[in-house]
Amino acid sequence: MSQAKAKYMVTSGFLGSGKTTSMIAFGKIIDRHYGKAAILVNDLGADNIVDASFTATTDILTTQIAGDCICYQHENLVDKLNQLVDRGATVIMSDIPGCGIGALEHVYVQLAERRPGEFDLMPFTCIVDPERLRMLMPEAEQINLPAEMRFLLEAQMAEADIIVLNKVDLISAKEKEKRVEFIKATFPDTPVFMMSALTGEGVDEVVDYLMNHKAAAVHREIGYGSEAFIAAENLLSWYNRRVFFEEKNDKNIDFNEVVEDLFDQVRKGLTAGGNNVPHLKAFAAGEGDDFVKASLIGIDYDVEYDQKLTQPYSAISLVINARAVADSHVMADIVEDALDTIANKYNLRSRTFFVETFGMMEEGRGDGGRASRYE
Ligand SMILES: Nc1nc2c(ncn2[C@@H]2O[C@H](COP(=O)(O)OP(=O)(O)OP(=O)(O)O)[C@@H](O)[C@H]2O)c(=O)[nH]1
Ligand SMILES: [Mg+2]
């Protein structure tokens, strides 16, 4: 008897909309009722990815593709999917980083055309944050993100097979209705769901739909590569760092507080220069299952914790990821200053083991370019 085909899906959505949280929530339900879930974490950064560390703390099977979007590495993606299948996965989910668009053409259509029948393609799912959606709604509210970001939100929803309004625990029933009506009016042919990946409300219904429907996997025009696309991408930068902090007198301290302070310092630096960070994340593991994972989805919000450390430590290795709307060098300076400030305040010695910073459209990320013999 031949083995059933593995299912595969991609989640898209704006930075911080809840893709990782949603995949974890889906994965838990899939493991309980449908088979063996796996999450393929994808990021543009080379290494030290908070989402990968955080996802790995769950019981769900995980792996990662770092260094570039899965959109541009078909063979590697297929290899990784097959590795997960070999490890027992029957339902694999991955996200797309960066602008969060293009996976329809580059992942779904490519898999359908080049690997026909190899995987069961589940609906391409766009996760929408009700807060960011306000940018597109008739009120077009100011949420301290440049207008160029609107293109991304719209294109993400336009290319998806289903749209999931997430974080509904944060809004009233009336606001929920308003936002769903808006999405339905804008994308009348696309099924729309509401859920909270955090509380679990509505997640079963989404998983039931995903498990019982297939992706369209046919081209849709969403303005990929257009001027509006480039304008949006030009504004985004990535920052990843791993820093080892030691209390100089080997004293145990509360590193949750250090993280909170670090985020507040970064927030201050961004606010002062009129910049923003759609997603700032930090992860640090303690002993055993102990870890802290923090998220800030913009200068106007509170720091959120998926989990905090339960005990003090005298040293910790902290991973910081920022997906910013700021020049990459400006962002790097802001984080540098913030790290100096907290090192002083908490009497910490710091050693950086990894740092990378780049604008999404910046020249010089690879070989080639004006000064290179590789051109
Ligand atoms: N209240 C609430 N918070 C949520 C929900 N889903 C996610 N979050 C929080 O939103 C923040 C961002 O969630 P992530 O899952 O990391 O978002 P993401 O889309 O994967 O972010 P990137 O990968 O950086 O683009 C975290 O602090 C989550 O805990 C939800 O349903 N309700
Ligand atoms: Mg994520």
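**Exercise 1.** State which domains contribute to the shell around ligand 1, and how the shell divides by class and by element.

*Solution.* Begin with the domains: domain 1 (7-231) and domain 2 (236-359), whose bounds come from an automatic or database domain assignment, each give at least three residues to the shell around ligand 1. The structure is a predicted model, in which local features need pLDDT of at least 70 and side-chain atom pairs count only at pLDDT 80 or more, while totals for chains, interfaces and linings use all residues. Residues are numbered from 1 along each chain as its sequence is written, and chains are lettered from A and ligands numbered from 1 in the order in which they are written.

Next, take the elements, which are DSSP runs numbered from the N terminus (helices H or I, at least four residues; strands E, at least two). At least two shell residues come from each of α1 (19-33) and β12 (304-307), and α1, with three, gives the most.

Finally, the 22 residues around ligand 1 include Gly 18, Lys 19, Thr 20, Thr 21 and Ser 295, which come nearest.

**Exercise 2.** Determine whether Asp 337 is buried, partly exposed or exposed, and place it in the fold.

*Solution.* First locate Asp 337 in helix α11 (residues 328-345). Then count: Asp 337 is partly exposed because 14 other C-beta atoms lie within 10 Å, where 20 or more would make a residue buried and 12 or fewer exposed, with C-beta atoms placed from the backbone. Lastly, Asp 337 and Gln 265, although 72 residues apart in sequence, are 8.2 Å apart in space, C-alpha to C-alpha.

Conventions: Near = placed C-beta within 6 Å. Nonpolar A, V, L, I, M, F, W, Y, C, P; charged D, E, K, R; others polar.
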